[in-house]
Amino acid sequence: TTLRQQEIKRTKTVCTYCGVGCSFEMWTRDRHLLKVQPVMDAPVNGISTCVKGKFAWDFINSPQRLTTPLIRENDHFRPASWDEALALVARKLLETRDQYGPDSIGFIGSSKGSNEEAYLTQKIARAIIGTNSVDNSSRYCQNPATEGLFRTVGYGGDAGTLADLVQADLVIIVGSNMAENHPVIAARLKAAKKHHGQKWLVVDPRRHEMAERADAYLRIRPGTDLVWASAMARYMFDHGYADDAFLAARVNHVEEYRQSLAPFTLDYAAQVTGLQEDALCESAEMIGHAERVCIIWAMGITQHSHGADASTALSNLLLVTGNYGRPGTGGYPMRGHNNVQGASDFGCLKNFYPGYEPVSDPQVRNKWANAWGVPAEHLSLKVGQDNFMMVEMARSDTIRAMYVIGEETAFSDADAENVHQGFTNLDFLVVQDLFLSRTAQYADVVLPGCPSVEKEGTFVNTERRIQHFSAVMTPLGESRPDWLILTQLAACMGHDWGYRHPGEIMAEAAAIAESFAGVSYARLEGWKSQIWPVSADGSSTPLLYTERFNTADGRATLFPLRWQPPAEEPDALYDLTLDNGRMLEHFQSTNQSGQGGRTTALSPHWYVEVSPELAAARSLNEGDWVRLISRRGTQELPVVVTDRVQGTVLFISIHQGKDGVNALTGEHHDPAVNTPAYKEVAVRLEPVDRP
Ligand code: SF4
């Protein structure tokens, strides 16, 4: 071994980007990342990664990283000591609570931080402040999917694992651009298709890579997926494909649901979805004939004003065909952030303690109060506010202070002007982040947290798989691991929790929350992982619902639905539909993936995709600049002419632009879960001169 090799440290970590949960070794010398080395033992990805996991790490040493706490003084920030900053945050939060009540404070936990940090965020909100107003960015993405699963089968997570997805005979991919957003899972499915004859049915307004490769592709009219799924369910009943034995043995409300499908004839579905009847028939026959069916869905389903209903419709279809509880079956909403699943699992939700234990159940409340050593009456039985409502209530002075951890709310929440008004109106805002983000610009105090490579913890990926990551390097400057910041803040507020290591936080969560009973750092050592629910003996549950559904009587529920059109549809003035989504080379606000520009350089420009027919009708050529105008705002960007989109549907990425897509999006949201209807935006388009 040479001296050079001796200096190289190899540390296992888990990717900080998407919900696939790739793990790999990082080879480092001091703070220099020498390479990302995937290994065969990695449970999700083996030797695969995507371009972000491999290369998008320049942010770790970015000169833009925050290295000291900052306190606002008039219109600028000044560096402050940790003692001063934490004391100020503690004092202001307690003063706000005492003056305006616990529900005048809102917490947004991080979907990039660890499970342990999510746990502490909700513990501060509940056990110290006394509010259930704590949420995370799943409000912007998969909460509607979770709601659909709660209504039908009972767990807010994927039914199985990647091992199940590759065993499916038929994978239905609805509103999910997996090849760009969950590339390593998409790669596994490509292999299953190539080597094992797996079939894909893709339903999406946009012809992305998975659609190009599909056995059948339905280019559906945006916002009409519920009609397609319900028409499929009706076809299953009408043509003898419904799994009667499964329905009789394991499902409630079958007859009531079957009757609710009366309007969803193929003829009606064709009118609403814009699909041909024979294409609908073909997709129904594919589903009816398949032995094992999985449905994957993502933001194309959820980010609508009725995304929870559309998610429910997909789960209904799986139940009708008996596609739950066997290998190669089930519902798979794909999680976006690396730990958006874990942030919800560990209690950053307005209605659940960790492990989805309801806040409004007095027995559950008593159990948590006992475990935390606080009086039961201190823990609120009242469901709290979510991200959407926190911003609304900040505008109306009902929420006076907020604490935002690792979330770029000012760029990511819909209707940017609304968010601006809300944050401007707050009495006190704390932002804990790696960078002086757009959200941090509104803050009174900014606390410098650490990325995953500078701390230890666990994440939960989209499969419900809990994985441990170790510190690759020490924190930059005076930044601190977020679990430590939260522990120290609690101490400043008079609650000395005494955690010295994140493993102690997980041990506490596991001792209280039934779903994590057997989770421990010892059982997560090396490349080991656990998949919740984890029983006390440490055994995982990779495949849910094999014996019973997660409901009081163990039976699933078929949930009748009505279709409602999108909240904002094209009209004479705003005549185009603006679709939007992620790209492979970028991640969300690009606060991390954009630093250093290595992956950004692969796709540097913001552009709008325009269909060939629309380009011809408007005399637009590739590279021309246009202004997109919605009822809320405008954005200017160049045109790319492509048949990825069709007719009057446009597509832009959510990553770029100073104000981004949310200068255009509006106030519409799903009333069931308050998820913004990012995908329901009508715009018009005007040619402008190239800037
Ligand atoms: Fe990271 Fe997701 Fe890429 Fe895997 S697929 S390397 S988790 S961004």
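**Group meeting: the ligand shell and strand β20**

Hi everyone, let's begin at the ligand: 13 residues surround it, and the closest are Cys15, Cys18, Cys22, Cys50 and Gly53. Before going on, please keep in mind that this is a predicted model.

Who else contributes to that shell? Helices α2 (51-55) and α8 (183-196) each supply at least two of its residues. If you sort the shell around the ligand by class, you get 8 nonpolar, 4 polar and 1 charged residues.

Now let's move along the chain to strand β20, residues 465-469. Here 5 of the 5 residues are buried, so the strand is largely enclosed by the rest of the structure. As a reminder, in a regular strand the side chains alternate between the two faces of the sheet. In β20, Arg465, Gln467 and Phe469 point one way, while Ile466 and His468 point the other way, and all are buried.

Which strands pair with β20? One of them is β19, residues 457-460, which runs antiparallel to β20 and is joined to it by 4 bridges. Within that pairing, Phe459 sits opposite Gln467 of β20. The hairpin of β19 and β20 has 4 residues between the strands, and there Arg464 adopts a positive phi near 75°. That may be a backbone angle to look up on your own screen.

Another partner is β21, residues 529-531, which pairs with β20 over 3 bridges, again in the antiparallel sense. Across that pairing, Ile466 stands opposite Gln530 in β21.

To recap, we have a ligand with 13 residues around it, and a strand β20 with 5 of its 5 residues buried. Thanks for listening, and I'm happy to take questions!

Conventions
Residues are numbered from 1 along each chain as its sequence is written. This is a predicted model: local features need pLDDT of at least 70, side-chain atom pairs count only at pLDDT 80 or more; totals for chains, interfaces and linings use all residues. A residue is buried if 20 or more other C-beta atoms lie within 10 Å of its own, exposed if 12 or fewer, and partly exposed in between; C-beta atoms are placed from the backbone. Two strands pair if DSSP finds at least two bridges between them. A residue is near a molecule or strand if its C-beta atom, placed from the backbone, lies within 6 Å of it. Ala, Val, Leu, Ile, Met, Phe, Trp, Tyr, Cys and Pro count as nonpolar, Asp, Glu, Lys and Arg as charged, and the others, Gly among them, as polar.
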